[in-house]
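This report covers the nonpolar core and the salt bridges of one chain.

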Amino acid sequence: DHEDDGSRRYGSTEELKELAEVMRKVAIEVDALANLEVDVVPQGLRILIKDDQQRFMFQRGSATLNPHFRNLLGVLAHVLSKVDNKLIISGHTDATPYRQPNGYNNWNLSGDRALRARSALVDAGMSEHSFLQVTAQAGVMPLRPEDPHNGANRRVEILLLTASAEALYKELFG
């Protein structure tokens with residue numbers, strides 16, 4: 001633990017709830033509460049970054065990040081840079097097939113979007129070492145399984161892992 005730089009590891013449900021609240025507060029500061037959902041889950045904290053009616057995180061069919069969402073990732077990076085827990089970032093598309101003549105498809109797109117979000121977090125001051133994995137999920141993990149083409153399924157998720165979830169991850173992939 002790097003106690004010296006003021007960072008800490010979050011473990012208990014109470015601590016994670018407190019962290020979620022801080023994230024909601026900073027999202028309000030950049031007028032992005034509609035684009036953030038933070039939930040305590042058994043593995044840690046699930047931070048969901050999503051479109052709203054007016055604003056898309058990425059241009060359609062592209063991994064170009066909208067400046068509004070760059071601001072949101074920027075303020076989240078300031079919070080997360082003080083956290084020792086490891087992160088997994090996953091990109092998700094809806095089920096609408098997207099394919100370019102060169103074979104670039106929803107898998108590539110979701111992966112590129114997750115990588116772009118990771119870059120934005122690092123650019124805003126997060127350590128390269130905070131991230132355990134960046135994953136492409138295409139449309140296989142819809143937020144609304146009953147409506148796979150719904151735009152709500154397009155999102156980037158950041159999973160902040162508890163120590164036990166991190167240990168399990170290392171068992172699976174280490």
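The sections below deal with the basis of the model, its core and its charged pairs.

## Basis

This is a predicted model, in which local features need pLDDT of at least 70 and side-chain atom pairs count only at pLDDT 80 or more, while totals for chains, interfaces and linings use all residues. Residues are numbered from 1 along each chain as its sequence is written, and side-chain values use heavy atoms, without hydrogens and water.

## Nonpolar core

The largest nonpolar core (buried Ala, Val, Leu, Ile, Met, Phe, Trp, Tyr and Cys residues joined through side-chain atoms within 4.5 Å) has 37 residues, of which Met-23, Leu-45, Ile-47 and Ile-49 touch the most other members. Elements giving two or more residues to this core include helix H1 (13–29), strand S2 (44–50) and helix H2 (67–80); helices (H or I, at least four residues) and strands (E, at least two) are DSSP runs, numbered from the N terminus. H2 supplies the largest share, eight residues.

Beyond its neighbours within four places in sequence, Leu-45 has contacts (heavy atoms within 4.5 Å) that include Leu-16, Met-23, Val-38 and Ile-158.

## Salt bridges

There are 13 salt bridges, each a side-chain nitrogen of Lys or Arg within 4 Å of a carboxyl oxygen of Asp or Glu. One joins Arg-9 and Glu-166 (3.3 Å, N to O); Arg-9 lies in the segment before H1 and Glu-166 in helix H4 (residues 163–173), 157 residues apart. Glu-166 is buried at 8% relative accessible area, whereas Arg-9 is partly exposed at 31% (buried is under 20%, exposed over 50%, partly exposed in between; 1.4 Å probe, protein chains only).

Arg-118 pairs with Glu-128, with the closest N and O atoms 2.3 Å apart.
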